[in-house]
Amino acid sequence: MLQTMLSQEVMTKAAQRLMKLLPYNKHSDVIKRAWQLYRTGHVYNVTVEDDILKGKVTDRGHTYEPSFQLKQAASSSCSCTTVGLCPHNIALFLYAYNQIDVVGNFIRQWKEPNTKQKLTGSTEKQAVSEEKQKVTNTPSNIEHMTKTNIVDAWWQSFEERYDRMFLYDLTEEEHMRKLVQSFFPTFERPKSKAPFLDHFYYVHAALFTFVKLVHIPQQEWGYSAIMQERHVTQFVPKVQQAIKDLAKKTSTAMHEQLIYASIPYVRNILSGELTYFRQILDVYETIWNDVLTDPTYREEECNWAIKQLNEKGSVEQQIPFIAAASYVSFLLENDQQAFELIEPFPYLATEQIVNFMHISFAKKQIHRGAEWFYRLEKHIESYLHSLRMNDRDWFVRTVLSAYRQYSIATKSDETERYEQLLQKLLPYSFYMYIDYLFDEQKWKELIELYMLEKATVDMIPTYHLKSVEQADRSLVLPLYHQTIMYYIEQKNRSAYEQAIKHVRKLRAHYRALKQMPRWEAYITKLAEQTKRLRAFQDLLRKGKFI
Ligand SMILES: [Zn+2]
């Protein structure tokens, strides 16, 4: 175990050296970044050997492998190409330091080196910090505390509880399983009658667990990757339930401060792995919808998210903040801004527009919901063609089901609008369009669509063909012409035989229509066109067509 392998003396000396090497006032950016990475669970798989710490740190979607030389901090290195100290190897050090003393104290000492606080984990101080921990672990005791930052104390206690549980190496999937099956269940779900603060504490415990979960990188493929996804997905409803239970409680003015102090912790989830983006967004949206209801908070959040996204270099880094800013804008009923933010991103836009439409209709804001549908409708063609091939069927299903919800909510039955959608979604809407035309008994359009997709008579369900023939036999003639040409172009004997079969059928149709002169003209022309295809000519003669 890491804890037993770390020497208190070596760690304390390393901490002192680190403070000298990087004075806080000159290097606060690097230190703050390291502190943030450590606190938000970006450090894992930590080992120590020969006074060298090794581990992994994920930072903005990349995984780095820093190593920290406890006896020669300046000679540390990192795979981010840094020689010396970088946020990753400092975060690694903080992780290890947490095994011998409270990291928060160390950081405070670093910030203000002149205060007479000794950097040793003396037994006396440990006792104090353990006492504090006990207090902070039970929310109801805190009700009497006047400090505003109980939330900070909670997170610190979660972090300590977490570190006690995760001392040895685990695979990513095992780590997640332990989080949801062993770590989170140590928090007791409050009864519905329990006071606000008990519920609030439980929400934070759930958020903490969720933050840890979504910062564990997902394997690229295979069974573990599927299980990882499942752990995250199955945990989402637990967080959401805790949030919804909390939302039912009435809060006082004092609680309001705590709610506000929660916002930075909620933001932590946005820096999770992009592979869990949907789950992250689900939790983020629930808490902003149900608990963080004050419009001034929402204004502030929106500005914050927009500022964040403007500071990011790549679209991948921007996406979580775009989604956040858009959602909060929607909550503020600034729909135009909500839309403009997501508009350039077909996947995000499609999902969120449908989501926003849903919510509006559910709130009986029919006009607002319809507006969201029109926004989707306007972008159908451009979105369809910018999606990956594999996802276009998903898009078609999403749009058509959105239309159904739209038409139910607005009580409008605009079949023309629906048909236009089907047309715009071709060829991916082919089967749905076919079904629609069949149901509407639009026989001419049905045959035209089949012909457009170069279908042969043999590919069309018999009952479709029969229905069209019964309604108007002349409609199927072009289809037979096309089918015959299709087989002739294959240029082999068995295809020619198929062609002849359809020539015979076609003649029967002309006869039934009493249009034999047109048939004669057709067959003469066909014989002329195919005069060099001797095998086909033989078959025509054999069948007595010429
Ligand atoms: Zn680094």
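Which residue in the turn between E1 and E2 has a positive phi? In this predicted model, the residue is aspartate 50, with a phi of about 50°. The turn belongs to a hairpin, with two residues between E1 and E2.

The two strands of this hairpin are E1, residues 43-49, and E2, residues 52-59. They pair in the antiparallel sense. Five bridges hold the pairing. Glutamate 49 stands opposite isoleucine 52 of E2.

E2 also pairs with E3, which covers residues 62-64. This pairing is antiparallel and has three bridges. Valine 57 has tyrosine 64 of E3 as its bridge partner. E2 and E3 form a hairpin too, with two residues between the strands. Here arginine 60 takes the positive phi, near 50°.

Strand E4, residues 67-69, is a further partner of E2. Three bridges join E2 and E4, and the strands run antiparallel. Lysine 54 stands opposite serine 67 in E4. E2 thus has bridges to E1, to E3 and to E4. In a regular strand, side chains alternate between the two faces of the sheet.

The protein as a whole has 28 helices and four strands. Helix H13, residues 277-290, was examined for its length and its surroundings. H13 has 14 residues, which at 1.5 Å a residue should span 20 Å. The C-alpha atoms at its ends lie 20 Å apart, so the expected and modelled spans agree.

Several residues of H13 are buried. In the first part of the list stand Gln279, Ile280, Leu281 and Val283. Tyr284, Glu285, Ile287 and Trp288 complete it. An α-helix has 3.6 residues a turn, so residues three or four places apart point the same way. The cover over the buried residues of H13 includes other helices. Among them are H10 (196-214) and H11 (223-247). H12 (253-268) and H15 (315-331) also contribute to this cover.

The overall dimensions were then considered. The C-alpha trace spans about 110 × 55 × 40 Å along its principal axes. The radius of gyration is 34 Å. A compact globule of 546 residues would have a value near 24 Å. Buried residues make up 32% of the 546 residues. Among contacts with a separation of 6 or more, 60% join residues 24 or more positions apart.

Technical notes. Residues numbered from 1 in each chain as written. Predicted model: local features only at pLDDT ≥ 70, side-chain atom pairs only at ≥ 80, totals over all residues. Rg over C-alpha atoms; globule rule 2.2 N^0.38 Å. Buried ≥ 20, exposed ≤ 12 C-beta atoms within 10 Å, placed from the backbone. Contact = placed C-beta atoms within 7 Å. Pairing = 2+ DSSP bridges. Expected span 1.5 Å × (residues − 1).
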